[in-house]
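Visitor: I should like to understand the terms that are used for a structure such as this one. May I put some questions to you?

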Amino acid sequence: MLTLIARRTLLALAMILAASALTFALIAAAPGNVAALIAERTAGPSASAELVQSIADDLGLNDPLPVRYGRWLSDSVAGDFGGSLRTGKPILEEFAERAPVTGLLLVCGGAIALIMSLTIGMLGAISNGGKIDSLLRALSLAGASTPNFFVAALLVMLFSVTLGWLPAFAGSSAASWIMPCLTIALFPCSVLSRVVRVNLQEIMSRPFATTGFAMGYTRLGVLTREALPNIAVPYLTTFGAQFTLMIIGSIVVETVFAMKGIGAFFIEAIRFRDFISMQATLLSFIMFFVFVNLFVDIICLLIDPRIRRQSNA
Amino acid sequence: MLNKHSLSTLATWPWAVLTPVLLFVAIAIFALWISPYDPTTQNYSAVLQGSSWEHWLGTDYLGRDLLSRIITGAQVSLVAMSIVLIAALIIGVTIGSFAGYVGGKTELVLISAIDIILSLPSLVVALAFIGIIGPGYWSMIAALTMAWWANYARMSRAVVTSELHQPYIEAARVMGASHLHIFVRHILPHVLALVVVYASADAGALVLAIATLSFLGLGVEPPTPEWGQMLVDGMNYLEQYPRLVVLPGLALTLVVSSFNLLGEHFALKKVPRGLTQRHLKILKRLRAQEEARISELEASA
Amino acid sequence: MLNKFRRTVFILSTLLFTTLATTIPITSSAQENQTLRIAIKQETGNLDLLQNVSALSTYSLIFEPLIRYGTDGQLQPALATSWITSDDGLTLSFKLRKNVTFSDGSPFDAQTAKWNLERWMGKPEFSWIGISDAMKSIETNGQYDLVINLSKPVPAALYELTIIRPVRFLSPKAVDARGNQTAPIGTGPWVVTENNNSRTLLTRNKNYWGNTPSFANMELKVVPDELARSNGLRSGDLDIIGGDWASPLSPRRARSMQRDPNVAVVAEPGTTSILLTYSPKSPLLQDKSVREAIDLSLERNAIVAIIYEGYATATANLFPKVIPYSGNRNPLPQRDIQAARTKLEQAGWTRSGNSWIKDGKALELELMVSEEALPGSRRLAEMIQGQLSETGIKVRVSSVDNATIHDRRPVFQYDLTFMATYGAPYDPHGTLANLLLSDVDSGPDGKIYMSPELDPVVRAALNAQGAAREEKMQAIYNWLSENMAVSPLVSPKRLWAHNRRVGSFTLPATDYQMLGSDVTLSD
């Protein structure tokens, strides 16, 4: 079992290396020379070629690409992402300020998606083909098709403009987090509730469910006691994928609700063409995706009886 | 591939799910003729009007007819989406098929690159490309293409690898057919059949991505009417004229959900029989890949 | 069964009790009602008079200048009761107000005034203030006479002394050994009691020399979002919102709030202008006829109606009339597409389809806007794009963030953009010196226009004194019009709103300040 986990971890690290190398190479190949950009900011568009050259030397931009990549990666791992081209502030400082915002958003959104999707999926399975089931199915299709910026606008319209209950932006109060978290949770919740529903349906047609009924359990009883543990692996796998996809949600949600998180930072870097911040943000995204997937993989390994049995043998 | 048998099964297929998509495509194609006004003409004497006989859906803050803007918005979305889909299909099918057909180390390198791109959400890849090449309409198209092709490449490769093992390919080869001939005549149709079906369901996600980029101010530029952009501009008028936000948002949601509905039907194997029946197995195989990898690791452990 | 019944009874009674408790009106204490709550868009900051970091409007509650800028642009006595400028303009003499103490009890006199002025006058970082740049020495004469000697005349000197920062006065006890400010202690009507990133609490200065406020406390609540601020006002969480610097209120929101009986919207003529500026480095705009054609295509009244919802005045002047020395009023140009086309034809442009071509180049311009730098500017840009397209001038709107626009403005990486004049009390000298003189570093603000021919005209006006000043100022405005150097669009109104708790309400003299002199609470 341990070797299995170690193998997965190695694979994940290799993935991070490869993906970061690819993004680094692409950004290095971008039109618009970083040294010229910095020179322009300090000396205007008439920056002399010497100035550009000396900045390039300072940054080591004239070294071969693999050397630059190695240096960038080792600096980044040590926490030194360099300074933002836009603000001049160290990127690590920006990350330290912004990561808690995005982190809280993802965790709250993920928690809502988890609870809601299990509830909705179960309700559908209990109703099984009934009116509630069809309604929930239609709702989850709509939920998966509504752009999150539209969801955000509708929530603002309802809770801020019409009812005046919630602030239309993220501030210090806890209430201001409700709408951003709901917005970001809707899409994963819709997808996950379908996963729960479809997998439960499949499992309920298996013989042990019939045995359960024969033993006098209600449909709900069989669902919770027998079926639910059996869908854990597909559910967790999809949950991991959806959790990483919430990064896209966070980019939109942070922009709409004026939150200072990593997603908003990424968009600002793109608008400004701040290559250094973009590289750093992409690296943190890649690490996030790979580690979430790794984490889900390991959990699945730990809970999947088939795999457990195999490794004990 | 179409024979009488498959035609008869086509009739039983629930064509209803295709209707909304076809309606959207028809609106987009005939936008110029059916929109009652020029969508960019400003009329300051008729701003922020409600529904009337002149303006069915009212007008926006610059007196532009909302119905015309929504209809033209459909065209803008469809055109951008089609360009990206076709470009991504061409690149994806070419690279994927090449990898699958050639095999060996080339395949390994290509498939690794594809896997890396697929490890990031498409929109993040697209955003990164826009950051590199700068914002604008054609940047958006290019960035989305770069983010979308990898999926088709992976799928094409899977089809090619499986088809290569079919006995009739062996037969063709024995009969002295060239590689190109074998590929174009025997393999490509299978690749396209699967990939096109997948793409038609994928179109919804693409429409959404275009709207999201425009919403973030990185896509379609004014004055071109685009739903995401109309929505963000309407946000200023949310209190008194929620119509300016709700209508483009609703149009977008309807189009995306009709594509998703189509996708769900494909996923439930309600694909027109005979067209791609065999290839669905490949789709299934792709989905089972994760499981395969797990069992592979089981064995090694 | 019985158990279940009991539980239900318990839950019901709890519910009933809670409902009763919340519906019974809580008699509010008089103390609580005496707090005025104003929204601010960002946290106040440390209120250091020498650092450019804190929110400007809060300073005006705590710190006072020698001279105050009055609502109509008149100079009013504050910490100085009278002042005389010598005929050669080189000596400014002030009689200081007697019996004034800082809120920590230390007295305000000529010595403390001199100490305060010497903290910034003559320092290179404050050379943008004429009087600081020209300061030769500061003398005291007895306890209440202060004299500032200058090396050259500074015609706008008295106006410069009315601004917010750094000219106001700090208690000499509120600094550390190195002279850095440690606490915001001034002579003003309010004293800071709590200051953090969500609010600033102030209490009435009991020893204030002037009229003490009629209410005891003030809370400045940080509410960054504009919609949230107007919701806060309507729900009664806030009493006053508004002002460009305190908590901006958009014309759209002001219009929709006017229908609310619990809220009063106050709109008064503003002191800034919104300008469409032409990059002096843009190749296509070197041609004056193109600039003229653009100006002729503009429909200013539509901008007032649509973007500003009527809360603005269409203008062809650089400064609104309320600004001193703002010159003769230019007639509002009428939109004339045909005349605009004729201008282009005369300048050698040829029409092809719905666009213009000269020397193989199409007439296509980039309009750079940032919604963050100037709210509403994206829609304004879209509107101008539409107006110019009727003439056949193609405009590409590039929407960028605040940082980008501040980066691209000083290096003129655009063809067209929007700028705003500084407004009272900085104008006219502030805008003229910073945004029109080519050799003054205006940082991220960029320039309205720049030309070697314009520089001497502006400099002559800024140095002119007495009667000549008016004439020389007019010469700048004439030069700008004759060369079509800039297209002023509108002068937006100052927008504030308050709820019915506020009895009487007057606007502060400028939007850089927080509170008018006659604001009272009605209950």
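**Domains, sheet and contacts**

Guide: Chain C is assigned domain 1 (1-40 + 188-268 + 493-523), domain 2 (64-174) and domain 3 (274-491). The model is predicted, with local features needing pLDDT of at least 70, side-chain atom pairs counting only at pLDDT 80 or more, and totals for chains, interfaces and linings using all residues. Residues are numbered from 1 along each chain as its sequence is written, while chains are lettered from A and ligands numbered from 1 in the order in which they are written.

Visitor: What makes these stretches of chain C domains?

Guide: Domain bounds come from an automatic or database domain assignment. The centres of domain 2 and domain 3 of chain C, taken over C-alpha atoms, are 35 Å apart. Their contact takes ten residues from domain 2 of chain C and twelve residues from domain 3 of chain C; two residues are in contact if their C-beta atoms, placed from the backbone, lie within 7 Å.

Visitor: Into which classes do the residues of domain 2 of chain C that touch domain 3 of chain C divide?

Guide: Six are nonpolar, three polar and one charged. Ala, Val, Leu, Ile, Met, Phe, Trp, Tyr, Cys and Pro count as nonpolar, Asp, Glu, Lys and Arg as charged, and the others, Gly among them, as polar.

Visitor: Why are β4 and β6 of chain C said to stand at the edges of the sheet?

Guide: The open sheet of chain C has four strands in the order β4-β5-β7-β6, with antiparallel pairing. β4 (80-85) and β6 (135-141) of chain C each have a single partner strand, so one side of each is left without a neighbour in the sheet. Strands (E, at least two residues) and helices (H or I, at least four residues) are DSSP runs, numbered from the N terminus.

Visitor: How do you know that β6(C) and β7(C) pair?

Guide: Two strands pair if DSSP finds at least two bridges between them. β6(C) and β7 (residues 145-150) of chain C have six bridges, in the antiparallel sense, and therefore they meet that condition. C:M135 stands opposite C:L150 in β7(C).

Visitor: At what angle does helix α4 of chain C run to β6(C)?

Guide: Helix α4 (residues 110-118) of chain C runs at about 165° to β6(C) and lies across β5 (91-96), β6 and β7 of chain C. Axes are lines fitted to C-alpha atoms, for helices over the stretch in contact, and angles run from 0 to 180 degrees between N-to-C directions.

Visitor: Which residues make the contact of α8(A) with α10(A)?

Guide: Helix α8 (residues 178-204) and helix α10 (residues 219-230) of chain A pack at about 115°, with their axes 9 Å apart. A:L200, A:I203 and A:M204 of α8(A) meet A:L223, A:A227 and A:N230 of α10(A). Five of these residues are nonpolar, one is polar and none is charged.

Visitor: How many residues does each of chains A and B bring to their contact?

Guide: Chain A brings 44 residues and chain B brings 39. Helix α1(A) supplies the largest share of the side of chain A, ten residues. That side has 34 nonpolar, eight polar and two charged residues.

Visitor: What share of chain B is called buried?

Guide: A residue is buried if 20 or more other C-beta atoms lie within 10 Å of its own, exposed if 12 or fewer, and partly exposed in between, with C-beta atoms placed from the backbone. Buried residues make up 45% of the 301 residues in chain B. Chain B has 13 helices and zero strands.
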